[in-house]
Amino acid sequence: LVDIDPHVMDVARRMLPTMWRTPAGGSLDDDPRFKAVAMDGVRFLEEAEEGFDVILVDASDPVGPGTALYTPEFYQLLRRRLRDGGAVAVQGGSFWYLPEVFRCVYHGLKSAFPVVKPYECFTAVYPGGVWNLQCATLGDDPAEVDASAAGALVEEHPELLFYSPQRHGASFALPPVAYKELAKPPPVLSEVSRHLEEVMAYSTSDATSDLGGGSWDAPVAAALARCIAGAPSEPPPVGAFDADGTIWSGDLLDEFWAFRRSQGLMDAEGEAELAALHSILTQWEGRGGSPPTTPD
């Protein structure tokens, strides 16, 4: 695991223990195969001497430092580090919510790999619930699946809630609107970045004007502006939000964790995690103190 910010990994260990786990349920840190590296991902690949069978890139949006993960040079770097028979899968935007990013990733991968196939997955906390990933290989068709092997995998891991042999193939069957988007020429990366800066809450200089020009309801835009500025003049009514605009509130957290309880995924650590997140939201909403002043 390579992340540019060591604090992000530290907070994930402490605050999200139910997600910092192996499929078998143990902590990632207890698995001898696991290694966490605090480093720029591009530099890590540039300096790596070995090749990799699978490379997963959960890239942030192509804004600021994240833009480096969307360049032709980065996609060529991925190809150089991929072993024969391997696969690369990257966060691929959304053909509906972020079509420019969707198109940018597709054409970028196509410039480096002979086979590129976008697919979709269920992501509860992203807009719409459905998001796109994109898989690239040196020749194999990622949409093909050994039904017998995949079926055995599902039987061996009952904690898999969304994967099945049937779902594997269906994930690659995108609607016509997605393929129409991919038929368009590749966008200019600098224009994609500028557009995202206009519609998402990235700037701290004039936060209100950078919140989408009317795409947010006025009270929400004002609350986000106060949170971004870091010094709200009054308790913001919004709990927290991430860079792509997903708004977290106490109610949303309760719904998310209620689903996890219904699937038997909650334990003592999960309950402690939920309580800690509620404590943070309480502070951010002004009910129990000042907004946090550190990444924690």
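Which helices and strands do the buried residues of α3 pack against? The legends below begin with that helix in this predicted model and then turn to other close-up views.

**View 1. Helix α3 and the elements that its buried residues pack against.** The buried residues of α3 pack against two helices, α2 (41-47) and α4, and against the strands β3 (52-57) and β4 (82-91). Helix α3 comprises residues 72-81, and those that count as buried in it are F74, Y75, L77, L78 and R81. When the helix is seen down its axis, these buried residues fall within an arc of 155°, so they line one face of α3. On the other side of the helix, E73 and R80 are exposed.

**View 2. The salt bridges of E181, with R103 and K184 as partners.** The side chains of E181 and R103 meet in a salt bridge with an N to O distance of 2.9 Å. This pair links distant parts of the chain, since E181 belongs to helix α7 and R103 to helix α4 (residues 99-110), with their positions 78 residues apart in sequence. A salt bridge also joins the side chain of E181 to that of K184, here at 3.2 Å from N to O, and R103, E181 and K184 are thereby linked in a network of salt bridges. E181 has a relative accessible area of 9% and is buried, and R103, at 11% relative accessibility, likewise counts as buried, whereas K184 is partly exposed, with a relative accessible area of 40%. In general, side chains of opposite charge can pair when their charged atoms come close.

**View 3. A salt bridge within helix α1, formed by D10 and R14.** D10 forms a salt bridge with R14, and the closest N and O atoms of the two are 3.2 Å apart. Both residues lie in helix α1 (residues 6-15), where a separation of 4 residues corresponds to about one turn of the helix. D10 counts as partly exposed at 32% relative accessibility, and R14 counts as partly exposed at 43%. A search of the whole structure finds 8 salt bridges, among them the one between D10 and R14.

**View 4. Two tilted aromatic pairs that involve residues of strand β5.** The structure holds 6 aromatic pairs. In the pair made by Y119 and F172, the ring centres are 4.9 Å apart and the planes stand at 35°, so the pair is tilted. Y119 lies in strand β5 and F172 in the loop between α6 (165-171) and α7, so the pair ties together parts that are 53 residues apart in sequence. Y119 and F172 are both buried. F122 and F162 form another aromatic pair that is tilted, with 5.1 Å from centre to centre and 35° between the planes. Here F122 lies in strand β5 and F162 in the loop between α5 (147-156) and α6, so this pair ties together parts that are 40 residues apart in sequence. F122 is partly exposed, with a relative accessible area of 47%, and F162 counts as partly exposed at 48% relative accessibility.

**View 5. A nonpolar surface patch and the loop residue G128.** W96, Y97 and V177 make a nonpolar surface patch of about 350 Å². V177 lies in helix α7 (residues 176-182) and is partly exposed, with a relative accessible area of 35%. Y97 and G128 are 31 residues apart in sequence, and their C-alpha atoms are 8.4 Å apart in space. G128 lies in the loop between β5 (115-122) and β6 (130-137), where this glycine is exposed, with a relative accessible area of 63%.

**View 6. The whole protein, as context for the close-up views.** The secondary structure comes to 11 helices and 8 strands. Of the 296 residues of the protein, 38% count as buried, and the accessible surface comes to about 16300 Å², of which 56% belongs to carbon and sulfur atoms. Among the contacts with a separation of 6 or more, 61% are accounted for by residues 24 or more positions apart.

Notes:
Residues are numbered from 1 along each chain as its sequence is written. This is a predicted model: local features need pLDDT of at least 70, side-chain atom pairs count only at pLDDT 80 or more; totals for chains, interfaces and linings use all residues. Side-chain values use heavy atoms; hydrogens and water are left out. Buried means under 20% relative accessible area, exposed over 50%, partly exposed in between (1.4 Å probe, protein chains only). Patches are made of residues with over 30% relative accessible area and no salt bridge: like charges are joined within 9 Å, nonpolar side chains (Val, Leu, Ile, Met, Phe, Trp, Tyr) within 5 Å. Accessible areas come from the Shrake-Rupley method with a 1.4 Å probe; for residues, only the protein chains shown count as cover. A salt bridge is a side-chain nitrogen of Lys or Arg within 4 Å of a carboxyl oxygen of Asp or Glu. Rings of Phe, Tyr and Trp (its six-membered ring) pair if their centres lie within 6.5 Å; planes under 30 degrees apart count as stacked, over 60 as edge-to-face and the rest as tilted. Contact means heavy atoms within 4.5 Å. The arc is that of the directions from the helix axis to the C-beta atoms.
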